[in-house]
Amino acid sequence: MNDDVYEVVIVGGGISGSALFYELSHYTDMSKIALLEKYEEAATLNSNARANSQTIHCGDIETNYTLEKAKKVKRTAKMVEKYCLQYGYEDEIMFKHQKMAIGIGYSECRFITNRYKEFKSLYPYLELYDKATLEEIEPNLIVDEQGNGRDEEIVGMGAKNQYTTVNFKALSETFLKNAKKNEQVQADIFFNSPVDKIEKIEDIFHVYTKDKKLYKSKMVVVDAGAHSLFLAHKMGYGLHYGQLPMAGSFYKTDRAILKGKVYMVQNPKLPFAALHGDPDVTLDGATRFGPTALVLPKLERFKSGTYMDFFKTLKLDGNVFKIFYDLLKDSDIRNYILRNFLFEVPYLGKRAFLKDAQKIIPSLTMNDIEYAKGFGGVRGQILDKENQKLMLGEASINTGEGIIFNMTPSPGATSCLGNAVRDVQLICDYLGKNFDEERFNKDLTEEDATNE
Ligand SMILES: Cc1cc2nc3c(=O)[nH]c(=O)nc-3n(C[C@H](O)[C@H](O)[C@H](O)COP(=O)(O)OP(=O)(O)OC[C@H]3O[C@@H](n4cnc5c(N)ncnc54)[C@H](O)[C@@H]3O)c2cc1C
């Protein structure tokens, strides 16, 4: 082999790229791989603990998942849990909290009760909580502003002893650290290496960073978050997709108002999870409410620039206008978008947000919450221009020519190891390398009896 040619170069050191780096090093016979990350450390964007809700989305309380989708996410979510248990990261990177989805009012309560019956077969640990039980285990759901009990009907379905929460930045860092432990593999990590251009010359990819450094590789996987589609477009791939960056912000309290995660019933028309309350592991368990959803004309939150990158990946044309028109003509979606704009406006935003958060905690006041400055991220939602539709969830472009582009808005952090193993198989097929599937399954996919 040409000495300066890598077998695989991964672009992006968020949770997706780091998980792939780990799996390639640990479960394949690769001998030389590299990861190029734009910034000075891993996971400073969406995989940062402040950017996302830190939730292991395993499908039990996500009311927008069908049973089929829940089965899939359960399998990949379990991988994260098993990985953390294997390395002893409990209470350091992965945490247990109680969790539940609540229904409020007649129809939501019927919905949750029916869902509980349907989903219990897949998640035997699920419990149904009536008002009295909720008052005991999550009292602030029940008491209203005057200290009286909540009048409306309320029911919850959830669990008390499951791993629910992960610091995904810390997890990304462990993937990189543990990947380097395998001495059989040259696993190189290059920080401060923004990839600017990728071209294929004969069978080898030439990957150039902004400062014109060249990395050669037989295969490339682009796990660059909202920039994956940007780099795909630069190479002429995925031109039938556009991207709409939806920022998510949060409000927070200065103390733990909730004991665990509380999700609400989601309106199926809306692409994002309904407002939820979560204990934040970087804030000593203080409660974080959100995320909101707001179109932001840039691809990276809390970093300078990327406005032009936004316009380039939006690929504005008649098809994109048609997608927007179809979305906006639905009054639920229109109101949701307007309301989410309002959440960002000082004072007025807080008032409006409080009203929504009071659906979870009736006694919440203006003094209890503040806009969480520096918290939040960007979900790059894919616009399918051919079918004139906003795609929900993740997308991947496998060109079949040795380069893959992954777009992972949500729940990409939970599915990091699952997405990575899909790519490991593609990579091994393409390069004629071996994947130790048996060891992978034994380590990461068997059911874990200890947590049932
Ligand atoms: C508000 C919000 C809440 C969320 N909540 C959850 C949740 O509770 N649970 C869950 O599972 N998921 C959640 N998600 C989704 C989750 O955060 C993402 O799916 C996940 O972090 C994506 O990881 P990634 O590695 O693909 O992308 P990113 O974390 O964005 O990482 C991409 C990396 O690529 C690097 N990069 C970009 N361009 C280049 C380049 N040109 N060259 C080199 N490197 C480059 C970036 O610097 C970055 O490090 C949430 C997202 C948001 C925004």
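Of the 452 residues in this chain, 48% are buried. Keep in mind from the outset that the model is predicted. Along its principal axes, the C-alpha atoms fill a box of roughly 75 × 50 × 35 Å. As for secondary structure, the chain holds 12 helices and 20 strands. Its radius of gyration is 22 Å, close to the 22 Å that the globule rule gives for 452 residues, so the chain is as compact as a globular protein of that length. Look at the contacts with a separation of 6 or more, and 76% of them turn out to link residues 24 or more positions apart.

Now for the domains. The chain splits into domain 1, built from 1–54 + 167–237 + 399–451, and domain 2, which covers 240–392. Their centres, taken over C-alpha atoms, sit 27 Å apart. What does the contact between them involve? On one side there are 18 residues of domain 1, and on the other 24 residues of domain 2. If you walk along the side of domain 1 that touches domain 2, helix α6 (residues 227–234) gives the largest share, with four residues. By class, that side of domain 1 has eight nonpolar residues, nine polar and one charged.

Next, the ligand. Where does it lie relative to the two domains? Domain 1 and domain 2 both give residues to the shell around the ligand, so the ligand lies between them. The surroundings amount to 41 residues, and the closest are G12, G14, G225, G248 and G412. Sorted by class, the shell has 15 nonpolar residues, 22 polar and four charged. Two elements to pick out in your viewer are α1 (15–27) and β17 (377–384), each of which supplies at least two residues of that shell.

Strand β17 also leads us into a sheet. It is part of an open, four-stranded arrangement with antiparallel pairing, in the order β15-β10-β17-β18. The edges are taken by β15 (294–295) and β18 (389–390), and each has a single partner strand, so one side of each is left without a neighbour in the sheet. For β15, the pairing with β10 (residues 241–248) is antiparallel and consists of two bridges. One spot to check there is A247, which stands opposite L294 in β15.

Just ahead of β15 there's a bit of backbone geometry to look at. Most peptide bonds are trans. The bond that joins G290 and P291, though, is cis, with omega at about -10 degrees. P291 belongs to the loop between β14 (287–290) and β15. A second cis peptide bond runs from S410 to P411, and here omega is near 0 degrees. You'll find P411 in the loop between β20 (403–407) and α11.

The phi angles have their own oddities. Most residues other than glycine have a negative phi. K212 isn't a glycine, yet its phi is positive, at about 70 degrees. This lysine lies in the loop between β8 (204–209) and β9 (214–222). Is K212 buried or exposed? With 8 other C-beta atoms within 10 Å, K212 is exposed. Y347 is another case, with a positive phi near 60 degrees in a residue other than glycine. Its place is the loop between α9 (331–342) and α10 (348–357). Y347 has 9 other C-beta atoms within 10 Å, so this tyrosine counts as exposed.

Set against that a tyrosine in a strand: Y263, found in β12 (residues 261–264). Y263 is buried, because 26 other C-beta atoms lie within 10 Å. Which residues does Y263 touch once its neighbours within four places in sequence are left aside? They are I61, A101, A273, A274 and H276. Y263 also comes within 9.3 Å of G156, C-alpha to C-alpha, although 107 residues separate the two in sequence.

The last stop is towards the end of the chain. D436 is placed in the loop between α11 (416–431) and α12 (437–444). With 15 other C-beta atoms within 10 Å, D436 is partly exposed. In sequence, D436 and E23 are 413 residues apart, but in space their C-alpha atoms are 10.0 Å apart.

Key:
Residues are numbered from 1 along each chain as its sequence is written. This is a predicted model: local features need pLDDT of at least 70, side-chain atom pairs count only at pLDDT 80 or more; totals for chains, interfaces and linings use all residues. A residue is buried if 20 or more other C-beta atoms lie within 10 Å of its own, exposed if 12 or fewer, and partly exposed in between; C-beta atoms are placed from the backbone. A residue is near a molecule or strand if its C-beta atom, placed from the backbone, lies within 6 Å of it. Ala, Val, Leu, Ile, Met, Phe, Trp, Tyr, Cys and Pro count as nonpolar, Asp, Glu, Lys and Arg as charged, and the others, Gly among them, as polar. Domain bounds come from an automatic or database domain assignment. The radius of gyration is taken over C-alpha atoms; the globule rule is 2.2 Å times the number of residues to the power 0.38. Two residues are in contact if their C-beta atoms, placed from the backbone, lie within 7 Å. Two strands pair if DSSP finds at least two bridges between them.
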